[in-house]
Amino acid sequence: MITIEEIKRSFLAALWFVFLTFPIMVIRVNTIENTIEWRFHNAVIIGVSIFFLSFLWRYLMRRKEQGAKALQQGATPKPTLTEYFFQDRRFYIPGLTAAAVFFAVFPFVFSIYQVNIMSNALIYVMLGLGLNIVVGLAGLLDLGYVAFYAIGAYSYALLNLHYGVGFWLALPIAAVLAASAGVLLGFPVLRLRGDYLAIVTLGFGEIIRLILENWNSFSHGPSGIANIPQPSFFGLHLSLEGNTSAVYFLLVALSLMTIFFVNRLRHSRIGRAWLALREDEVACQAMGIDRTKTKLTAFALGATWAGMAGVVFAAKTTFINPASFTIWESIIILCIVVLGGMGSVVGVITGAMVLILMPEYMRAFEQYRMLIFGGVLILMMIFRPHGIITAVRKKYTFEGLEAEGGAPGLGAPAPAAGLETRSESN
Amino acid sequence: MHWDYSYFMELFLGGLAKGSIYALIALGYTMVYGIIELINFAHGDIYMIGAFTALIVASVLTMLAWNKLAILVIATLAAVVYASAYGWTAEKIAYKPLRNAPRLSPLISAIGVSLFLENYVLLAQTSDFLPFPSLIPDFKWWEPYAYMISSQQLMIIIVTAVVMVLLTILIKFTRTGKAMRATAQDMSMAILVGIDVDRVISITFIIGSATAALGGVLIGSSMGQINFYIGFIAGIKAFVAAVLGGIGSIPGAVLGGLVLGWTESFFTGYISSDYEDVFAFVFLVLILIFRPGGILGRSQTQKV
């Protein structure tokens, strides 16, 4: 219900924002011609939209608080739509089949332009899934992820330039190089807490980019490397169109491989160690998990995918320069992971598709892309910290315990189960 | 190579001025981190907003042919007021709802604020560099020394020193300062003894943003041009300065800023200017590995 009090508050919020945005939104100075442009319509737009948005904001805040209160009082969280979807075979089998058919026929139905865009999105799927290992599973905020992508791309480009190494050989080499770089970065930052880690990794990303830009004799500087050969497929000579589809299928295959590996990793011993590390580092160490090894594997495995994605990127565009590997790229990949759902494979794929395809198909919004990304990061953190698609935590039950007639709540749960049986709640 | 004294002094004073700017921005980082343990990623962008506000106000007033001193005062005031307002609003919207969230959440949210503010200025104004009006005049009495350091740079050094003294007084001797220290030590305990923690946090953001805005006005007048992106590198370097000095410590932030300014200045002056920005990052990694507590900070153990 909207009361007078609410209207008053919204009105004040609107006034505040009109004041706040006044100099930057309304006035534009042209210092060359010495003229001032007054754009008062902007102030009106902001006032009106903030007035209405503030109602929505307060409503969402109230809902969030109620949700938190209900959880505190012991209400079990309702299974989300996605949880429901992935637990029922009747839903997910047809869903997956439809997706498989869609991706299989895509290049035969749509134009080369669309296939190119989709290939782009698939590169980001790989990058997102790789970063998901580091950020989503192990809980290490890596803002320099693009560095590994750059390492992959430059490995292929330089190896090809100097030694004529082909795409298929460069792929594993770049993966190994990127993984080594991940370990190299991992070592000094192991002892750092989450937020320091973010800054150091950001610094690492920038160092790599600046080196590529300044070390002309090594990386050809800002002008980049051109004429990188496209991947060859069994010695076939393909037309431009054929090659685009071939690269597309290569990316589909690589993405599937990534999905398979990440899924297997997540439920493996190391994957569970990552989750434990994310939840509580101290408790994790007390449980006997080697923190160093666990963090380093997260960095190395995360970097591996970025390295491979980099090779494909270099082969696909046939030209690379340092401008493709700025901090913004890292932030876009982070957005994909955060928006999609940290730790969730399906979520990250959805995130990549939404964030990469949407700006392509809504050209009008292109210039607002980064602005919207910024807003998305804030809003997701406040209202849906687990992303669009919440990661479903695998639950482990002891069959033996029930067979003996012991009620689940009776006695202390076995330590191995204690870590995993807790469902994700915070 | 023979020893060139005046070249050395030029680098020394240039580094001092540069370091003072880093210090002014680092103060905001260090205060916010001291209280809520958040790396306020958007802090550099608040500095940029301050510089832009000053530029816009000063340009408008210049066209109206106002007195130079009045323009300087009003533009600086506007920058301080607006930067504080942005800092306060960002805290209310993006950080306050996340006070009990996991540590990474407010950090990601701060990255969002940074991205948002940068693109907001980019879209509402321009992506080009804008010429910043020379607000600070060339002092007559400084002319004999101006070959080493311009009067704008001198101004930067003086303002930083004054701000640091004022902040130290505020934190050591006033009631608000006491509340800030209490909140920094233990937030839930501070609430229990009746400190309005939300208010303290708001004040911290306002003060931090105001000092950043001063930095923005000063750097604008000394560099002569700004764009929407100046906050990013400045913010990172100020963060390095804050960590170098020991995050959470006010004299530490200033010391860290100066050390970073000098090392950068000497490095670029004597060795190579290509890797100026790399240098700050390498420095940061080295400090964090060998002395994570910073020069003046104590090393902290992680609480369970």
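**Exercise 1. Count the helices and strands of chain A, then describe its burial and contact range.**

Solution.
Step 1. In this predicted model, chain A holds 18 helices and 2 strands.
Step 2. Turn to burial. Chain A has 426 residues, and 39% of them count as buried.
Step 3. Turn to contact range. Take the contacts in chain A between residues at least 6 apart in sequence: 77% of these join residues at least 24 apart.

**Exercise 2. Find the largest nonpolar core and state which residues have the most contacts inside it.**

Solution.
Step 1. The largest nonpolar core has 214 residues.
Step 2. A:V311 and B:A51 have the most contacts inside this core.
Step 3. Check the domains of chain A. Domain 1 (4–72) and domain 2 (110–383) each give at least three residues to the core.
Step 4. List the partners of A:V311, leaving aside neighbours within four places in sequence. They are A:G152, A:A153, A:Y156, A:F167, A:A170, A:L171 and A:A174.

**Exercise 3. Describe the side of chain B that touches chain A.**

Solution.
Step 1. Count both sides. Chain B gives 49 residues to the contact, and chain A gives 42 residues.
Step 2. Name the elements of chain B that supply two or more residues. These are helix 2 (43–63), helix 3 (68–95), helix 4 (104–124), strand 1 (130–131) and helix 11 (276–290).
Step 3. Find the largest share. Helix 4 of chain B supplies it, with 15 residues.
Step 4. Sort this side of chain B by class. There are 37 nonpolar, 9 polar and 3 charged residues.

**Exercise 4. Compare the surroundings of two residues in helix 1 of chain A, A:V26 and A:F22.**

Solution.
Step 1. Place A:V26. It is found in helix 1 (residues 4–26) of chain A.
Step 2. Classify A:V26. The cut-off for buried is 20 or more other C-beta atoms within 10 Å. A:V26 has 19 C-beta neighbours inside 10 Å, so it counts as partly exposed.
Step 3. List the contacts of A:V26 beyond four places in sequence. They are A:W38, A:R39, A:F40, A:N42 and A:A43.
Step 4. Take one of these partners, A:W38. A:V26 and A:W38 are 12 residues apart along the chain, and their C-alpha atoms are separated by 5.6 Å.
Step 5. Move to A:F22, also placed in helix 1 of chain A. A:F22 is partly exposed because it has 17 C-beta neighbours inside 10 Å.
Step 6. Add a distance for A:F22. A:A178 is 156 residues away along the chain, and the two C-alpha atoms are separated by 47 Å.

**Exercise 5. Work out how two helix pairs of chain B pack: helix 6 with helix 8, and helix 1 with helix 9.**

Solution.
Step 1. Two packed helices are described by the angle between their axes and the distance between the axes.
Step 2. Start with helix 6 (residues 175–185) and helix 8 (residues 197–223) of chain B. The angle is about 105°, and the axes are 10 Å apart.
Step 3. Apply the range of 65 to 115 degrees for roughly perpendicular. Helix 6 of chain B is therefore roughly perpendicular to helix 8 of chain B.
Step 4. Name the residues. Helix 6 of chain B uses B:T176, B:A179, B:M180 and B:T183, and helix 8 of chain B uses B:V197, B:V200, B:I203 and B:T204.
Step 5. Sort them by class: 5 nonpolar, 3 polar and no charged residues.
Step 6. Now take helix 1 and helix 9 (residues 230–245) of chain B. Their angle is about 70°, with axes 8 Å apart.
Step 7. Helix 1 of chain B is therefore roughly perpendicular to helix 9 of chain B.
Step 8. From helix 1 of chain B come B:Y22, B:A23, B:I25, B:A26, B:Y29 and B:T30. They meet B:A234, B:G235, B:K237, B:A238, B:F239, B:A241 and B:A242 in helix 9 of chain B.
Step 9. The classes here are 10 nonpolar, 2 polar and 1 charged.

**Exercise 6. Examine phi at A:T318 and B:E37, and place each residue.**

Solution.
Step 1. Most residues other than glycine have a negative phi.
Step 2. A:T318 has a positive phi near 60°. A:T318 lies in the loop between helix 13 (291–317) and helix 14 (327–340) of chain A.
Step 3. With 13 C-beta neighbours inside 10 Å, A:T318 counts as partly exposed.
Step 4. B:E37 has a positive phi of about 50°. B:E37 sits in the loop between helix 1 (5–36) and helix 2 of chain B.
Step 5. B:E37 is partly exposed, with 16 other C-beta atoms within 10 Å.

Key
Residues numbered from 1 in each chain as written. Chains lettered and ligands numbered in written order. Predicted model: local features only at pLDDT ≥ 70, side-chain atom pairs only at ≥ 80, totals over all residues. Contact = placed C-beta atoms within 7 Å. Helix = DSSP H or I, 4+ residues; strand = E, 2+ residues; numbered from the N terminus. Nonpolar A, V, L, I, M, F, W, Y, C, P; charged D, E, K, R; others polar. Buried ≥ 20, exposed ≤ 12 C-beta atoms within 10 Å, placed from the backbone. Core = buried A, V, L, I, M, F, W, Y, C linked by C-beta atoms within 7 Å. Domains from an automatic or database assignment. Axes fitted to C-alpha atoms, helices over the stretch in contact; angles between N-to-C directions. Parallel < 35°, antiparallel > 145°, perpendicular 65-115°, else oblique.
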